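Hi,

Here is the structure I promised to pass on. Have a look at it first, and then read my notes below.

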Amino acid sequence: MSLVNYATREITCKIVYYGPGRSGKTTNLHHIYGQVPEDRKGKMVSLATQTDRTLFFDFLPLDLGTISGFTTKFQLYTVPGQVYYQSTRKLVLQGADGVVFVADSQRRQLDENIESFQDLHANLADQGVDARAVPLVIQYNKQDLPRDLIMSTEELRDAINFRGVPDFSADALHGPGVFETLRGISELVLKRLSSPSRAAR
Amino acid sequence: MPLDSRTRFEHYEVGPANFEAVSAARAVAESPGRGASPLTLCGATGVGKTHLLQAIGNAMVQRQPALRVEFLTADQFAKQLHEAVAGSDIDEFIRHWGRVEVLLMDDIQLLAGHRETQLELLRQIEVMQSMQRPVVLASDRPPSEIAGLEPALGERLAAGKIALIGPPEYETRVAILNARCRERGAQLAPGVVEEIARIETGNVRELQGLLYRILDFQASGDEPVRAEDVLALLDDVPEARAAAGDQAPAPATATLDFQSFLTDIASAVTAHVEGWKSRVAEAAAGWQSAGYRTQALERLLDEPAPPPNYEALLRGFGATVRKLKELESEAVEADPSLSGHDVFRDPERMREAEALVQRARAAAVDLPGPSVEFSRAGFEVGKSNQLAVRAVDAVASEPGKRYNPLIIIGPPGTGKTHLLNALGHELINASGGAAVVAFVTGQQFADEFIAALRDGTVTQWRRRYRRVDALLMDDLQQVAGKERTQDEVFELFRDLLGAGKQLAITAAQSPQDMTGLDDRLRARFEGGLVVELAAPDVSMREQLYRRFLDGVPGAQLEPLARYLASRPADGVPDIIATIHRLSATADRMGVALSVEVARREFEEPEPAPARAPTPVGAAPAVRAASDVFFLDDEKIVWELRDVASRVIEELG
């Protein structure tokens, strides 16, 4: 997928929200969807099970309008967190320009976070992508929960963010941190516009 | 003019009406040399252009305190220039401006009509661009709307980025008012700010003025101003009265997060999109929208790094397109149907375009006409050709009305080509030079048709012949056997006859007897007159010999002409050949050309070494009409089968 097409003057970013089941990936997209003016959002496609957990994936197209003469479109995806949807995760991850890893801040979810983070790296490696080269940010979600239930951002940073990528604490249900995260990953992705190898016509 | 250090991006409220301008300004401030240059901010008074100019300067100075930033208005620049010129300090002026690293110029619309100042500004912009130093200008209108702007300066500004700033919309007005309240530490009752923001003023300074009036009201009274009092207090403001009649809009808090996200993304995109590729793509998109093919520019976009000469390539592409436009106008002048032809939209087909123009011009201008060598006065008339000559004269006096088509047949050398050309001149002269008369041989017509087929210009070629007033086709037999050419001849004859235009053709034999001629075309001639030029009779031969011997020095004119006329001759070429032969003999003998020389040449028992006897042409099969016929002025309808019965005159 080309990130920037100079000939048609389009910029298209595919951003994938990755993370363990019930960490809040779809909630991130719902919040964004709710904030975007009607004329700038496409139809959000969300296939969910009866228990509201993502069965397949969510897809939210965002039209950011014309920026510096470029029609700028973002495509936000989530992957199903549950371990048994491995093939779907691989499929959605293909061609991603950037990844948001949504970690569940609950202390008891630490292992799932670590396992999912490793799963992300393994899937990228399977696709022949150097995980270190893919723009990545981490969001520590559910920071609104009682202190005794969650790990602090410092603790989570120590446990998960061994690569030292940009990270954000968030309460996706109510909004804080959601756009900061999206802005963080977007800026990382857009920095790659300067790289000739990524710029297509 | 010093920068106001308090005027920063952080104090500038961003909304849809200005976010592109803010993004471009931030890009310049954050990535000097990579952002658009020159950047021209355009917007009405009070929308924040000066604020953005200063914010750029402050942001850059904050990072590089030693940076030489020049912030001034255009009229200050003009004043500096005038003072430098008046005080003979121009060198100092140039030195000063050569040191400037960032140029921020406000109100460039003030330069309207100041040609010298504009050219100096253009020079300064070019100098700074060459050193990748940022130039940001502001104007209350787009450069294209500034009257008296030098085209070169206008083009330079257009080649950079022109960012429009619109009046702030409701949400931005709320944000601006809240920001001013915070700066002043003022507290207003809920809804007051929103009520002020409902007043649709496009000028931020006026908006702030309204806020300050409300704050003054509040300061002078005991009670805080209530939201419902706002519009009444500002009743003297027309926009406030207008707002009083409106419903209050719903607060738009829901989009604020997204809006700031959007602004940040816009900055990131502007900062990171590769400038050179943007310029190339922008140029390509511009030319594409104008209908031009831009493969050359698209190939540039494949380059991983900016080619060192890409600016020159862009200029070259523009020059090529301009050349194509010129060629198209030339072509259209020659042939309107060429307007919008593909070749004029593809800079890679320049040669084809040039060739097409050449062909179009040739086709338009060089319609072959009668040769000036052959005049009616120079055509000897005698019994053997007087019928044909009378027919030609009749046609010349009433083209298209009498014998149409006129078909002149006869063996080679009898003067068909001469007479046809003479007819052409007569037609042109009779019209006072206005008539368009085409003279073309059958072979030439066929060749042109084949060339038009090859070039895809058949339509133009056909149109070319259809604008003639008379068509004279020599040697019709040359189209025999050429089926498609005959189709063209048929269609052309039909169209011209239908339009009352005169046709005249020559042929070696009657169309009826010509092999390889399509029946349809053959039938086209049946309504016309066939006249024959026979081989010259004795009196004609004598006339001709007399005429051509007149040019031979010392020749014995009368007896020799009579003597030679008694001998057979096929036509003028034969007569001229005889005179040349006798002249050569006389020269060898060292005597003047005389009957004796001729007798010796022709009557000596020893046969002439080089010349075979002149073959006598077959007796003409057709004798078309008689003097009486013409004198009766009867319209002749040629029926081929009865032609033999029309033979009235036998030649000697």
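Let's begin with chain A: buried residues make up 47% of its 201 residues. Keep in mind that this is a predicted model. Chain A has five helices and eight strands, and if you walk along from the N terminus you meet them as β-β-α-β-β-β-α-β-α-β-α-β-α. Of the contacts in chain A with a separation of 6 or more, 69% are between residues 24 or more positions apart.

Now to chain B, where I spent more of my time. Look for the open sheet of five strands, paired in parallel in the order E2-E3-E4-E1-E5. The edges are taken by strand E2 (69-73) and strand E5 (161-165) of chain B; each has a single partner strand, so one side of each is left without a neighbour in the sheet. On average, and ignoring direction, neighbouring strands here are turned by 15 degrees against each other.

If you want one pairing to zoom in on, try strand E3 (residues 102-106) and strand E4 (residues 135-139) of chain B: they run parallel and are joined by three bridges. Which residue in E4(B) is the bridge partner of B:Leu103? That's B:Val135.

Two helices to look at against this sheet are these:

- Helix H2 (residues 49-63) of chain B packs on the sheet and touches strand E1 (39-43), E2, E3, E4 and E5 of chain B, with its direction at about 165 degrees to that of E3(B).
- Helix H3 (residues 74-86) of chain B also packs on the sheet, where it touches E2 and E3 of chain B, and its direction makes about 100 degrees with that of E2(B).

There's a helix pair worth a look too. Helix H5 (residues 115-130) and helix H6 (residues 151-159) of chain B pack at an angle of about 35 degrees, and their axes are 9 Å apart. The crossing of H5(B) past H6(B) is left-handed. From H5(B) come B:Gln118, B:Leu121, B:Leu122 and B:Ile125, which meet B:Ala152, B:Leu153 and B:Arg156 in H6(B). By class, the residues of this contact are five nonpolar, one polar and one charged.

Last, the place where the chains meet: 27 residues of chain B are in contact with 27 residues of chain A. On the chain B side, the elements giving two or more residues are helix H12 (256-272), helix H13 (275-289) and helix H14 (295-301). H12(B) provides the largest share, 11 residues. That side of chain B has 15 nonpolar, five polar and seven charged residues.

Over to you!

Conventions:
Residues are numbered from 1 along each chain as its sequence is written. Chains are lettered from A and ligands numbered from 1 in the order in which they are written. This is a predicted model: local features need pLDDT of at least 70, side-chain atom pairs count only at pLDDT 80 or more; totals for chains, interfaces and linings use all residues. Two strands pair if DSSP finds at least two bridges between them. Helices (H or I, at least four residues) and strands (E, at least two) are DSSP runs, numbered from the N terminus. Axes are lines fitted to C-alpha atoms, for helices over the stretch in contact, and angles run from 0 to 180 degrees between N-to-C directions. Two residues are in contact if their C-beta atoms, placed from the backbone, lie within 7 Å. Ala, Val, Leu, Ile, Met, Phe, Trp, Tyr, Cys and Pro count as nonpolar, Asp, Glu, Lys and Arg as charged, and the others, Gly among them, as polar. A residue is buried if 20 or more other C-beta atoms lie within 10 Å of its own, exposed if 12 or fewer, and partly exposed in between; C-beta atoms are placed from the backbone. A crossing is left-handed if the near helix is turned anticlockwise from the far one by less than a right angle, and right-handed if clockwise.
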